[in-house]
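Me: I have a structure that is new to me. Could you explain the terms used for it as we go?

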Amino acid sequence: ISLADLDKEFAPQIALGLENLGFSIVATGGTYDVINEAAIECEKVLKLSEGRPNIVDSLMNEEIVMAINTSDGEGSNDARKDGSQIRRTVLRMNVPYFTTVAGALASVEAIKSSCDGSSTEPKAIQDFLNKPSYHVQQAVIAIGSGGTYGQPKDQATQSYLKLFSFS
């Protein structure tokens, strides 16, 4: 976990949720301090610019199974380079990666739901809305005042617009 200063207040909530699910927590500098102050067990990991072994080394060694890294868009050039390298590494290593606090908290809830059996099977949105499903056969809309291929607008619309069929 590595959170921007504006997001650090959420670090204990995220870390505690993950710890309760059986995850071990590693965090960078300031985020580590906030989590540690909340009496949540956490290991400190270095940013790239701080030396080795660092967060990218841990990702490459498959020691990290999920990454949470928020940014405020500001910060030093080193911070931007670190973030860029972390993003490349998580993509290369196929590690789930969350860049917002909302995404991190949602992932904790989703994992919890999956573990306790309260998750449900995926459903089509029509099942929730109790609406008929539809299939698009063709939808081409003629736009403009003069129509398409020299046809008047209303003939072009009639020729090229087929509506949805409902089942």
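What follows is a set of questions and replies about this predicted model.

Me: What does the secondary structure of the protein come to, and which pattern does it follow along the sequence?

Reply: The protein has 7 helices and 6 strands. Along the sequence they are arranged as α-β-α-β-α-β-α-β-α-α-β-α-β. Of its 167 residues, 28% count as buried.

Me: Why is Thr70 called buried?

Reply: Buried means under 20% relative accessible area. Thr70 has 6% relative accessibility, so Thr70 counts as buried.

Me: Where is Thr70, and what is it in contact with?

Reply: Thr70 sits in the loop between strand E3 (67-68) and helix H4 (77-93). Apart from its neighbours within four places in sequence, Thr70 is in contact with Ser2, Leu3, Ala4, Asp7, Thr99, Thr100 and Val101. The side chain of Thr70 also reaches the backbone nitrogen of Ala4 at 2.8 Å.

Me: What makes that approach of Thr70 to Ala4 a polar contact?

Reply: A polar contact needs a pair of N or O atoms within 3.5 Å, one able to donate a hydrogen and the other to accept it. The distance from the Thr70 side chain to the Ala4 backbone nitrogen is 2.8 Å, and that is within the 3.5 Å limit.

Me: Which residues of helix H2 are buried?

Reply: In H2 (residues 29-37) they are Gly29, Thr31, Tyr32 and Ile35.

Me: How do you know that these residues are on the same side of H2?

Reply: Their arc around the axis is only 160°, which puts them on the same side of H2. The cover over these buried residues includes helix H1 (11-20), strand E1 (26-27) and strand E2 (43-44). Just after H2 comes Ala39, with a positive phi of about 60°.

Me: How many salt bridges are there, and what makes Lys8 and Asp5 one of them?

Reply: The count is 3. A salt bridge asks for a side-chain nitrogen of Lys or Arg within 4 Å of a carboxyl oxygen of Asp or Glu. Lys8 and Asp5 meet at 3.4 Å, N to O, so the pair passes the 4 Å cut-off.

Me: Are Lys8 and Asp5 each buried or exposed?

Reply: Lys8 is buried at 15% relative accessible area, while Asp5 is exposed at 62%.

Me: Why is Arg52 called exposed and Asp57 buried?

Reply: Exposed means over 50% and buried under 20%. Arg52 has 66% relative accessibility and therefore counts as exposed. Asp57 has 13% and so counts as buried. These two residues form a salt bridge, with their closest N and O atoms 2.5 Å apart.

Me: Where do Glu109 and Lys112 lie, and how far apart are they in the helix?

Reply: Both are in helix H5 (residues 101-116), 3 residues apart, about one turn of the helix. Their side chains meet in a salt bridge at 3.5 Å, N to O.

Me: Why are Glu109 and Lys112 called partly exposed?

Reply: Partly exposed lies between the 20% and 50% limits. Glu109 has a relative accessible area of 45% and Lys112 has 40%, so each falls in that range.

Me: How many disulfides does the structure hold, and are Cys42 and Cys115 buried or exposed?

Reply: The structure has 0 disulfides. Cys42 counts as buried at 14% relative accessibility, whereas Cys115 is exposed at 59%.

Definitions and conventions:
Residues numbered from 1 in each chain as written. Predicted model: local features only at pLDDT ≥ 70, side-chain atom pairs only at ≥ 80, totals over all residues. Heavy atoms only, no water. Buried < 20%, exposed > 50% of the residue type's maximum accessible area, 1.4 Å probe, protein only. Helix = DSSP H or I, 4+ residues; strand = E, 2+ residues; numbered from the N terminus. Arc of directions from axis to C-beta. Contact = heavy atoms within 4.5 Å. Disulfide = S-S within 2.5 Å.
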